[in-house]
Amino acid sequence: MDRFKKIKLYFVSYFLFFPVLFITSSFLWRAIILKKEMMMVATDALAITGIYYLIVSLISILVYIKDIKSFMS
């Protein structure tokens, strides 16, 4: 697998697939099965997804910086 396809696969999985899967499963589990209030479920799921995006973005930046340093060496 070439480098571009690998980066594209990381983007699709970490920034699109996992958050959408989490939000969907969270809504299904808490709103429908546990019968929680919809607004509470939405704020909880979106807050957790926001924290997830911050962490994954920081990790991506660190990997990118590491990649630049190894390229320049």
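**Reading the labels on a predicted two-helix model**

Arg 30 and Asp 44 form a salt bridge, with 3.1 Å between the closest N and O atoms. The pair links distant parts of the chain: Arg 30 sits in helix H1, Asp 44 in helix H2, 14 residues apart. The model is predicted.

Q: Why is the contact between Arg 30 and Asp 44 called a salt bridge?
A: The cut-off is 4 Å between a side-chain nitrogen of Lys or Arg and a carboxyl oxygen of Asp or Glu. Here the closest N and O atoms are 3.1 Å apart. That is within 4 Å, so the label applies.

Q: How many salt bridges does a search of the whole structure find?
A: The search finds 1.

Q: Why is Asp 44 called partly exposed?
A: Its relative accessible area is 30%. Buried means under 20% and exposed means over 50%. Asp 44 falls in between, so it is partly exposed.

Q: What makes Leu 16 buried, partly exposed or exposed?
A: Leu 16 lies in helix H1. Its relative accessibility is 43%. The band between 20% and 50% is partly exposed, so Leu 16 takes that label.

Q: What separates Leu 16 and Asp 44 in space and along the chain?
A: Their C-alpha atoms are 18 Å apart. Along the chain, the two residues are 28 residues apart.

Q: Why does Lys 35 count as exposed?
A: Lys 35 has 66% relative accessibility. Exposed means over 50%, so Lys 35 qualifies. Its place is in the loop between H1 and H2.

Q: What is notable in the phi of Lys 35?
A: Phi is near 60 degrees, a positive value in a residue other than glycine. Most residues other than glycine have a negative phi.

Q: How do you know that Met 72 is exposed?
A: Met 72, in helix H2, has 67% relative accessibility. The threshold is over 50%, so Met 72 counts as exposed.

Q: Which residues make the nonpolar surface patch, and what is its area?
A: Leu 58, Ile 61, Tyr 64, Ile 65, Ile 68, Phe 71 and Met 72 make a patch of about 810 Å². Membership needs over 30% relative accessible area. Met 72, at 67%, passes that test, so its place in the patch fits.

Q: What makes up the lining of the largest pocket?
A: The pocket holds about 570 Å³ of space. It is lined by 15 residues, with Ile 7, Tyr 10, Ser 60, Val 63 and Tyr 64 nearest its centre. The lining divides into 9 nonpolar, 2 polar and 4 charged residues. H2 gives the most, with 8 residues.

Definitions and conventions. Residues are numbered from 1 along each chain as its sequence is written. This is a predicted model: local features need pLDDT of at least 70, side-chain atom pairs count only at pLDDT 80 or more; totals for chains, interfaces and linings use all residues. Side-chain values use heavy atoms; hydrogens and water are left out. On a 1 Å grid over the protein atoms alone, a cavity is a set of points where a 1.4 Å probe fits but cannot get out, and a pocket is an open set with protein on both sides within 12 Å along at least five of seven lines; lining residues have an atom within 4 Å of a point. Grid points are joined across faces, edges and corners, and a volume is the space filled by probe spheres set on the points. Helices (H or I, at least four residues) and strands (E, at least two) are DSSP runs, numbered from the N terminus. Ala, Val, Leu, Ile, Met, Phe, Trp, Tyr, Cys and Pro count as nonpolar, Asp, Glu, Lys and Arg as charged, and the others, Gly among them, as polar. Patches are made of residues with over 30% relative accessible area and no salt bridge: like charges are joined within 9 Å, nonpolar side chains (Val, Leu, Ile, Met, Phe, Trp, Tyr) within 5 Å. Accessible areas come from the Shrake-Rupley method with a 1.4 Å probe; for residues, only the protein chains shown count as cover. Buried means under 20% relative accessible area, exposed over 50%, partly exposed in between (1.4 Å probe, protein chains only).
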